[in-house]
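Dear colleague,

I am handing over the structure we discussed, and I would be glad if you could look through it alongside the notes in this message.

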Amino acid sequence: MSKTIVVTGTDTDIGKTVFAAGLTKALGASYWKPVQAGFDDGTDSTRVAQLGVPASSVIQEAYRLRTPCSPHRSAELDNVIIDPASLALPQVTGPLVVEGAGGALVPVTRELLYADLFARWAAPVVIVASTALGTINHSLLTIEALRTRDVPILGITFIGNPQEDTEETICAIGKVRRLGRLPLLDPLDSESLAATFARCFAMDDFQ
């Protein structure tokens, strides 16, 4: 199978989709969001396309659910049964970036968490963490949850303003590699993301 990288977060709305878009474009990869919950404001797949990933490289979601909440509950509200068998990694030519929903312990179904799904895929995971207050706890809990399930962790990337001691503390205690930090971009568009991503990350770390 081609190289697959899974992107998960320590929380929701911290910039995981922006990072995933930057990584997908930089690698020339395909992008897949297995389950989209909520689309009144657009989908994450649409967002990564707006941020420079070719539409031909965006794989359709396995499930697109209406309510913006945890996938397990959103599916129940939509009277949809999520079949884990339908969440096998798609076969693509070249690398694949897969984006989870929210954090690693978000339920996909009432019996399956995203971290369990990551373990089934056995693909390396990049943890995306905010640099805001509380990130040490959230990051270390995420690392522990993934390691408990023997999920390989490629490293951690941070989003936001620099917090050198916080970032070093997480990497030292969690024994994970710091891949870099993506600042908050204004404006945020395909050009600014591509240029900033190239400046802030070494692509050899993702090979």
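What follows is an account of the cores, the aromatic pairs, two of the helices, one buried threonine and the cysteines.

Please keep in mind throughout that this is a predicted model.

To begin with the packing, the largest nonpolar core has 33 residues, and those with the most contacts inside it are Ile82, Tyr114, Phe118, Trp121, Leu146 and Ile156. Several elements supply at least two residues each to this core, among them the strands S5 (63–65), S6 (96–103), S7 (125–130) and S8 (153–159), together with the helices H4 (114–121), H5 (135–148) and H6 (164–174). The largest share, 5 residues, comes from H4. Apart from this core lies another one of 26 residues, which includes Ile5, Val18, Leu23 and Phe197.

Helix H4 deserves a closer look. Its buried residues are Tyr114, Ala115, Leu117, Phe118 and Trp121, and, seen down the axis of H4, they fall within an arc of 155 degrees, so they line one face of the helix. If neighbours within four places in sequence are left aside, Tyr114 is in contact with Val35, Pro71, Gly100, Ala101, Gly103, Ala104, Val106 and Val108. Just after H4, Ala122 takes a positive phi of about 60 degrees, which you may wish to look at in the backbone.

Turning to the aromatic rings, the count comes to 8 aromatic pairs. In one of them, Phe19 and Phe197 have their ring centres 5.5 Å apart and their planes at 40 degrees, so the pair is tilted. This pair links distant parts of the chain, with Phe19 in helix H1 (residues 16–27) and Phe197 in helix H7 (residues 190–200), 178 residues apart. Both Phe19 and Phe197 are buried. Another of the pairs joins Trp32 and Trp121, whose ring centres are 6.2 Å apart with the planes at 45 degrees, so this pair is tilted as well. Trp32 lies in strand S2 (residues 30–32) and Trp121 in helix H4, so the pair ties together parts that are 89 residues apart in sequence. Trp32 counts as buried at 3% relative accessibility, and Trp121 is buried with a relative accessible area of 12%. Ring pairs also link Phe19, Phe197, Phe201 and Phe206 into a cluster.

Helix H7, which holds Phe197, can be described from both of its sides. In H7 the residues Ser190, Ser192, Leu193, Thr196 and Phe197 are buried, and, seen down the helix axis, the buried residues fall within an arc of 160 degrees, so they line one face of the helix. What covers the buried residues of H7 includes H1, helix H2 (44–50) and strand S9 (178–182). The face turned away from the buried side carries the exposed residues Glu191, Ala198 and Arg199. Ala195, which is found in H7 as well, counts as partly exposed at 45% relative accessibility. At the start of H7, a side-chain oxygen of Asp189 reaches to within 3.2 Å of the backbone nitrogen of Glu191.

Thr157 is a polar residue to examine in its surroundings. Thr157 lies in strand S8 and is buried, with a relative accessible area of 0%. A polar atom of the Thr157 side chain lies 3.1 Å from the backbone oxygen of Gly180. Not counting residues up to four places away in sequence, Thr157 touches Phe19, Val126, Ile127, Val128, Ala129, Gly180, Arg181 and Phe201; of these, Phe19 and Phe201 belong to the ring cluster described above.

Lastly, the cysteines: how many disulfides does a search of the whole structure find? The search finds 0. For Cys200, the closest cysteine sulfur is that of Cys171, at 15 Å, which is too far for a bond. Cys200 counts as partly exposed at 23% relative accessibility, and Cys69 is partly exposed too, with a relative accessible area of 30%.

With kind regards

Note on methods:
Residues numbered from 1 in each chain as written. Predicted model: local features only at pLDDT ≥ 70, side-chain atom pairs only at ≥ 80, totals over all residues. Heavy atoms only, no water. Core = buried A, V, L, I, M, F, W, Y, C linked by side-chain atoms within 4.5 Å. Buried < 20%, exposed > 50% of the residue type's maximum accessible area, 1.4 Å probe, protein only. Helix = DSSP H or I, 4+ residues; strand = E, 2+ residues; numbered from the N terminus. Contact = heavy atoms within 4.5 Å. Phe/Tyr/Trp six-rings, centres within 6.5 Å; stacked < 30°, edge-to-face > 60°. Arc of directions from axis to C-beta. Polar contact = N/O pair within 3.5 Å; in protein donor to acceptor, adjacent residues only side chain to side chain. Disulfide = S-S within 2.5 Å.
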